[in-house]
Amino acid sequence: MDDRTILALIDKFSSGQLVELELDEGPLHLVLRKESAVVHRPVTVTPGAPVPAPAPNAGGPAVAAVPPEAPIHLGLPAHIDLASEGAELITSPIVATFYRSPGPDAPAFVEKGSRVKAGQTICILEAMKMMNHLEAEFDCEILSVKAENGSLVEYGQPLFEVKRL
Amino acid sequence: MIQRLLIANRGEIAVRVIRTCREMGIETVAVYSTADKDNLHVRLADKAICIGPPASAKSYLVRENLIMAALRSSCQAIHPGVGFLSENADFARAVKKEGLIFIGPDPEVIDLLGDKVQARNTAKKYGLPITPGTEGAVSDSAKAVAAAEKLGYPVIIKAAAGGGGKGMRIVRSSAELPENLAIASREAEANFADGTVFIERYLENPRHVELQIIADGNGTVAVLGERDCSVQKRHQKLIEESPSPGVDDDMRRRMAEGAVRMFRELRYQGAGTIEFLVSGKDFYFMEVNARVQVEHPVSEYVTGVDIIRQQILACTEGRLEVDPQSITINGWSIECRINALTPGTISRLDVPGGPGVRWDSFLYNGCTVPPHYDSMVGKLIVHGSNRERALARMDRALGELSIGGIKTNAQQQRWIINHPTFRSGNFGTAFYAEIEKEVEHVR
């Protein structure tokens with residue numbers, strides 16, 4: 001592989017969606033890596049008091065939510081495309097049902113474009129009939145909602161794409 | 001028949017359950033930690049759900065995540081596999097509470113069998129011999145000497161509240177007894193805040209023999225022969241075979257009679273194993289494992305019964321497809337556990353084949369063996385018309401097995417199965433410790 005090909009490759013890589021490329025060709029070992037365009041932030045889940053909730057019965061056993069771990073590097077669904085540079089993902093720390101509002105007829109906690117303060121509830125993660133309030137860890141703007149209301153979300157699944165304020 | 005089942009486990013056993021489910025037309029949902037996202041069970045299952053970070057305590061052991069995953073993916077049942085939550089009565093209870101089927105016995109049965117003293121008393125009630133010992137606690141040294149002399153030396157002093165070897169003392173003569181009794185009691189007091197000790201006859205180099213049981217929960221109990229698991233490295237089984245070279249027809253019949261009575265009375269449901277220590281012509285009840293076991297394939301080979309299939313049918317429909325009276329043992333089967341000695345990425349994988357060879361594993365070329373979990377990466381199982389032929393086949397198959405990228409114990413296993421003592425069939429649980437130094441030099 002000549003220099004021109006390598007330069008062209010770097011060019012293509014820079015403009016493309018790839019974040020990492022590793023190539024072995026004869027004596028050449030080339031690694032291209034972007035300074036992480038995606039930063040995964042751990043989030044805090046507060047096992048909150050039962051709220052007027054989408055599921056009718058909140059009298060289940062008192063189960064504590066799993067404490068979130070340091071940044072998640074693996075297990076994320078592959079279909080992450082971020083709208084803009086500097087965006088961050090808020091991911092689910094548990095296996096749960098994702099609810100955007102406190103009740104079926106209530107308005108959503110946040111919408112695209114909402115600006116939220118640290119500590120503000122952004123969604124409910126229902127697990128074993130416990131309504132866990134997911135709170136924003138920092139002031140941010142919601143760029144997009146990545147999960148469907150009422151759907152199952154797994155550990156590490158992106159819920160919101162946000163931008164720090 | 002249920003339509004969908006979640007497997008609350010990983011690795012080889014998850015793959016094993018998926019395979020039978022696929023043959024039964026049951027869809028499978030796998031769960032995985034972030035360290036296992038490319039594991040074979042995730043690839044083979046119809047659906048996979050990430051349940052947490054690598055540490056088992058935050059993924060495979062988090063009941064809420066497992067149950068939520070099952071509920072929200074419309075599963076009707078959860079198979080716990082082996083290890084993790086497979087013998088956790090509270091998990092079984094939580095699963096049932098949510099209206100799901102737990103593929104295992106009733107939580108009350110799990111609780112009873114999990115308590116060593118209760119299990120021992122239950123076995124005794126149904127006529128199974130237990131290791132001879134003092135009925136209750138001993139504290140007076142004169143009475144202890146009398147009891148020990150009646151039992152016959154060597155004896156072992158055990159803490160009533162104990163476990164993990166604490167407060168245990170092996171005594172070989174009356175002269176040593178009073179002093180050891182005092183030490184054991186002090187140790188027990190220090191460790192368990194209870195100085196109560198009792199005395200049992202100590203079995204030197206016994207065989208570990210177990211019966212494979214399947215039961216429908218309605219009183220039908222089938223025994224799928226016995227397994228000999230005497231090759232153990234510090235209580236970790238390494239090689240298993242069926243039948244056992246140390247069990248004759250009479251002992252086999254006596255073991256099965258008591259076991260069937262016990263499992264029938266317990267209304268046991270699913271697959272289970274009853275373990276015994278065998279010393280000469282005597283056998284003693286040890287414990288029951290209320291789940292399927294790693295070494296179940298050797299019993300499958302000699303009986304032709306798919307144990308996972310029967311377990312699922314027993315727990316979901318209360319029935320078995322096998323008639324307990326018509327089970328026959330054909331030939332000989334041996335299993336070698338293949339354990340990773342280092343984690344890493346598999347760079348090459350050559351799997352043995354040919355007649356009478358079975359390879360149960362989660363490995364594939366390019367997969368990763370994470371450092372977070374059990375070291376077993378595969379099981380090599382062979383079948384032959386007799387022990388000698390099965391061993392020749394195992395030797396041949398281990399020679400064909402080649403795993404690149406990680407270190408395994410495959411060649412050590414080959415060395416053991418060719419050892420004259422192993423070949424003689426005359427060995428017990430102390431065998432491995434005798435050869436350990438030599439085994440560890442095998443590469």
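**Exercise 1. Place a residue pair in a sheet of chain B.**

Ala77(B) stands opposite Ile101(B) in β5(B). The model is a predicted one. Work out which strand partners β5(B), the strand order of the sheet, and the helix that packs on it.

*Solution.*
1. Start with the partner. Strand β4 of chain B covers residues 77–79, and two bridges join it to β5(B). The two strands run parallel.
2. Extend to the whole sheet. Its five strands have the order β3-β2-β1-β4-β5 (chain B). The sheet is open, and the pairing is parallel.
3. Find the edges. They are β3 (47–52) and β5 (101–102) of chain B, each of which pairs on one side only.
4. Add the helix. Helix α1 (residues 11–24) of chain B packs on the sheet and touches β1 (4–7), β2 (27–33) and β4 of chain B. The direction of α1 makes about 170 degrees with that of β1(B).

**Exercise 2. Classify two helix pairs in chain B.**

Take α3(B) with α4(B), then α13(B) with α15(B). For each pair, give the angle, the class, the handedness and the residues in contact.

*Solution.*
1. Two packed helices are described by the angle between their axes and the distance between the axes.
2. First pair: helix α3 (residues 63–72) and helix α4 (residues 89–97) of chain B cross at roughly 30 degrees, and their axes come within 11 Å.
3. Angles under 35 degrees count as roughly parallel, so α3(B) is roughly parallel to α4(B).
4. α3(B) passes α4(B) in a right-handed crossing.
5. On the α3(B) side, the contact uses Arg63(B), Leu66(B) and Ile67(B). On the α4(B) side, Asp90(B), Phe91(B), Ala94(B) and Val95(B) take part.
6. Second pair: helix α13 (residues 410–417) and helix α15 (residues 431–439) of chain B pack at about 125 degrees, with axes 11 Å apart.
7. That angle lies outside the ranges for parallel, antiparallel and perpendicular, so α13(B) and α15(B) are oblique to each other.
8. The crossing of α13(B) past α15(B) is right-handed.
9. Gln412(B), Trp415(B) and Ile416(B) in α13(B) meet Phe431(B), Tyr432(B), Ile435(B), Glu438(B) and Val439(B) in α15(B).

**Exercise 3. Describe the environment of Glu240(B).**

Is Glu240(B) buried or exposed? Which side chain makes a polar contact with that of Glu240(B)?

*Solution.*
1. Locate the residue. Glu240(B) lies in strand β11 (residues 236–242) of chain B.
2. Check the accessibility. The relative accessible area is 0%. Buried means under 20%, so Glu240(B) is buried.
3. Find the polar partner. The side chains of Glu240(B) and Arg337(B) are joined by a polar contact of 2.7 Å.
4. List further neighbours. Leaving out residues up to four places away in sequence, Glu240(B) touches residues including Asp228(B), Cys229(B), Glu295(B), Val298(B) and Ser333(B).

**Exercise 4. Characterise helix α11(B).**

How many residues of α11(B) are buried? What follows α11(B)?

*Solution.*
1. Helix α11 of chain B spans residues 307–317 and is mostly covered, with nine of its 11 residues buried.
2. Among the buried residues are Ile307(B), Ile308(B), Gln310(B), Gln311(B) and Leu313(B).
3. At the start of α11(B), a side-chain oxygen of Asp306(B) comes to within 3.1 Å of the backbone nitrogen of Ile308(B).
4. After α11(B) comes Gly318(B), with a positive phi near 65 degrees.

**Exercise 5. Summarise chain A.**

How many helices and strands does chain A have?

*Solution.*
1. Chain A has one helix and 12 strands. From the N terminus, the helix precedes the strands.
2. Of its 165 residues, 41% count as buried.
3. Take contacts in chain A between residues at least 6 apart in sequence: 64% join residues at least 24 apart.

Technical notes: Residues are numbered from 1 along each chain as its sequence is written. Chains are lettered from A and ligands numbered from 1 in the order in which they are written. This is a predicted model: local features need pLDDT of at least 70, side-chain atom pairs count only at pLDDT 80 or more; totals for chains, interfaces and linings use all residues. Side-chain values use heavy atoms; hydrogens and water are left out. Helices (H or I, at least four residues) and strands (E, at least two) are DSSP runs, numbered from the N terminus. Buried means under 20% relative accessible area, exposed over 50%, partly exposed in between (1.4 Å probe, protein chains only). A polar contact is a pair of N or O atoms within 3.5 Å; within protein, one must be able to donate a hydrogen and the other to accept it, and residues adjacent in sequence count only if both atoms are side-chain atoms. Contact means heavy atoms within 4.5 Å. Two strands pair if DSSP finds at least two bridges between them. Axes are lines fitted to C-alpha atoms, for helices over the stretch in contact, and angles run from 0 to 180 degrees between N-to-C directions. Angles under 35 degrees count as roughly parallel, over 145 as roughly antiparallel, 65 to 115 as roughly perpendicular and the rest as oblique. A crossing is left-handed if the near helix is turned anticlockwise from the far one by less than a right angle, and right-handed if clockwise.
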